[in-house]
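Please open the model in your viewer and keep the sequence panel at hand. The tour proceeds by selection, one group of strands at a time.

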Amino acid sequence: LHYPLRRQRQMCIRDRFSDAREIGVDQKGNIYVGDFETGIVQAFDANGSYINQWFTGQRDDGNDMYLRDMAVTLDGRVFIPSWDGIYEFVGLSGQRLGKLTYPDEGYFEDVAAAPDGSLVAVLFYAGENIVRFDNTGEVDLIIESPIGNVTDHSELDTQIALDGLGNIYLLGSFNNLALIYNREGRYQNKFGGDGEGPGTFRAVGAIAVDNHSRIYISDFSGIQIFGLNGRYLESFDNQSGIREMCFDLNGDLYIVDVN
């Protein structure tokens with residue numbers, strides 16, 4: 001489901017998925033939707049017309065590659081995190097290009113792509129950690145326990161998003177809390193927390209950041225929008241069941257929901 005928030009046009013893609021949970025858009029407006037149950041990624045053009053689909057296949061160890069998360073770069077590459085690394089594909093064809101790995105133990109759970117082609121991922125090993133790969137695939141930043149060190153409560157389900165400046169945004173479903181780190185990996189702020197009023201969360205779902213560094217977070221009641229510093233701005237209360245969100249270069253918001 002595609003929401004141009006400041007315009008009056010809407011476009012929906014329905015009835016093509018078994019268990020769609022992930023979405024991304026490249027610089028040409030091509031839309032990529034990942035299906036968890038089938039492990040299939042489908043590609044659509046900017047108008048929602050079907051282009052192609054491909055199966056993620058197996059990991060290097062021969063086990064199936066569960067499609068738990070997905071990131072799409074502006075040039076149309078798809079990155080899928082797994083137990084043994086982050087696998088890279090050509091988004092339109094499914095051709096496998098390679099794999100990003102981290103030398104220590106742990107598994108990758110969530111990943112986000114920056115405009116410059118770098119990737120930031122959640123690595124679970126004795127808690128959540130953040131690892132950034134530059135656009136050559138080299139690790140250039142590690143943040144250990146970015147949520148646990150701030151809240152004293154470990155997090156087992158962390159989503160990640162980036163803005164155009166490289167700031168890192170984390171959303172923890174166990175803490176119902178969002179945290180902001182700058183591109184150098186320094187903690188900036190936290191916001192949210194349990195509650196039912198504006199600016200608090202009941203059951204967070206997804207996080208995305210637009211090209212003005214406004215932060216969009218879905219929870220049980222809808223989508224809440226926050227400023228760069230985490231200050232509550234407004235909400236869309238009629239949206240629920242959202243699994244994933246992302247923005248394109250035009251600032252249009254794309255949503256995967258269960259409705």
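In this predicted model, begin by selecting strands β6, β7, β8 and β9, which form an open sheet in that order with antiparallel pairing. The edges of this sheet are β6 (71–72) and β9 (96–100), each of which pairs on one side only.

Next, restrict the selection to β7 (residues 77–82) and β8 (residues 85–90); six bridges pair these two strands in the antiparallel sense. Display Phe-79 and look across to β8, where its bridge partner is Glu-88.

Now move to strand β12, residues 128–133. Is this strand largely enclosed or not, and why? Six of its six residues are buried, so β12 is largely enclosed by the rest of the structure. Show the side chains: Glu-128, Ile-130 and Arg-132 point one way, Asn-129, Val-131 and Phe-133 point the other way, and all are buried. In a regular strand, side chains alternate between the two faces of the sheet.

Keep β12 displayed and add β11 (residues 119–124), which runs antiparallel to β12 and is joined to it by six bridges. The two strands form a hairpin with three residues between them, and Ala-126 in the turn has a positive phi of about 55°.

Then add β13 (residues 139–144), joined to β12 by five bridges, again in an antiparallel arrangement. This hairpin has five residues between its strands; select Gly-137 in the turn, where phi is positive at about 90°.

Finally, centre the view on Arg-132. Which residues stand across from it in β11 and β13? Val-120 stands opposite Arg-132 of β12, and Leu-141 is the bridge partner of Arg-132 in β13.

Notes
Residues numbered from 1 in each chain as written. Predicted model: local features only at pLDDT ≥ 70, side-chain atom pairs only at ≥ 80, totals over all residues. Heavy atoms only, no water. Buried < 20%, exposed > 50% of the residue type's maximum accessible area, 1.4 Å probe, protein only. Helix = DSSP H or I, 4+ residues; strand = E, 2+ residues; numbered from the N terminus. Pairing = 2+ DSSP bridges.
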